[in-house]
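The exercises below ask you to work through a structure one region at a time, starting with its open spaces and ending with its interior. Try each task with the structure in view before you read the solution.

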Amino acid sequence: MTPNPFHGDVVAGQARGAGPTAGIGPSALVRTLHGDRAVETLGPGDQIITADGRKARLEAISCHIAPARMLCRISPKAQAKSRANAGPVILSSHQNVVVEGWMARAMFGRDRALVPLSAIADGELIRRMDLNAELPLFLLHFDAPQLVRVGGLSVLATPARQPATAAPRHPAS
């Protein structure tokens, strides 16, 4: 078995930023103070519920277009039990997500790990998209890095005024 090359930093406040190709696909549901909302309907000033249950004011939202081959489809079976009947979530393969419990211990040797989605893609529950198309990706920006709930997953969102940089210690893909 090949060792996993990702370090798995888990503290959002220490994260340097999202890569320029990170992002959340259209129709992904983000937990807000007023319930789950599709990412494309959010705007500055919206109150987003963070992964630890606090609220954070959305400072900005940006959008860029990415080739579908850079995206991953996350099956509802891989999401929180409360989302078992929901549709799949599309995220960039470079989007940092939190892995917890037995999976984090088995793959990264810790109870929680913050890693790019590509580090946990298994080809079945989390698989790269094989389409010759482009899709919009949305980035949520706050005054400080935040872990937010998107489709039952905890994903990293970064400050609007911080330049996007690749997370440290992650190999290029």
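**Exercise 1.** Find the volume of the largest pocket, and then describe which residues line it.

*Solution.* In this predicted model, the largest pocket has a volume of about 600 Å³. Its lining is made of 24 residues, and those closest to the centre of the pocket are Ala78, Val98, Val99, Met103 and Leu153. Turning next to the elements, we find that strand E8 (96-100), helix H1 (101-108) and strand E13 each give at least two residues to this lining. Sorted by character, the lining residues of the largest pocket fall into 16 nonpolar, 4 polar and 4 charged.

**Exercise 2.** Work out how many cavities of 30 Å³ or more there are, and then state what lines the second largest cavity.

*Solution.* The count comes to 2 cavities of 30 Å³ or more, and the second largest cavity has a volume of about 30 Å³. Ile24, Gln95, Leu139, Leu140, Val155, Leu156 and Ala157 form the lining of this second largest cavity, where strand E11 (134-142) and E13 are the elements that supply two or more residues. E13 provides the largest share, 3 residues. The lining of the second largest cavity consists of 6 nonpolar residues and 1 polar residue, with no charged ones.

**Exercise 3.** Decide whether strand E12 (residues 146-150) is largely enclosed or open, and describe how E12 pairs with E13.

*Solution.* Begin with burial, for which the cut-off is under 20% relative accessible area. Because 4 of the 5 residues of E12 are buried, this strand is largely enclosed by the rest of the structure. Next, follow the pairing: E12 and E13 (residues 153-159) run antiparallel to each other and are joined over 5 bridges, and Gln146 has Ala157 in E13 as its bridge partner. The hairpin of these two strands has 2 residues between them, and Gly151 takes a positive phi near 55° there.

**Exercise 4.** Which residues of the largest nonpolar core touch the most other members?

*Solution.* The largest nonpolar core holds 30 residues, of which Leu91 and Leu140 touch the most other members. Several elements each supply at least two residues of this core, including strand E7 (89-92), strand E9 (112-116), E12 and E13. Apart from this core lies another one of 5 residues, among them Leu71, Ile90, Met129 and Leu137. Finally, look at Leu91 in detail: leaving aside neighbours within four places in sequence, the contacts of Leu91 include Gly23, Cys72, Val97, Leu117 and Val155.

Technical notes. Residues numbered from 1 in each chain as written. Predicted model: local features only at pLDDT ≥ 70, side-chain atom pairs only at ≥ 80, totals over all residues. Heavy atoms only, no water. Buried < 20%, exposed > 50% of the residue type's maximum accessible area, 1.4 Å probe, protein only. Pairing = 2+ DSSP bridges. 1 Å grid on protein atoms, 1.4 Å probe; cavity = no way out; pocket = protein on both sides within 12 Å on 5 of 7 lines; lining within 4 Å. Points joined across faces, edges and corners; volume = space filled by probe spheres on them. Nonpolar A, V, L, I, M, F, W, Y, C, P; charged D, E, K, R; others polar. Core = buried A, V, L, I, M, F, W, Y, C linked by side-chain atoms within 4.5 Å. Contact = heavy atoms within 4.5 Å.
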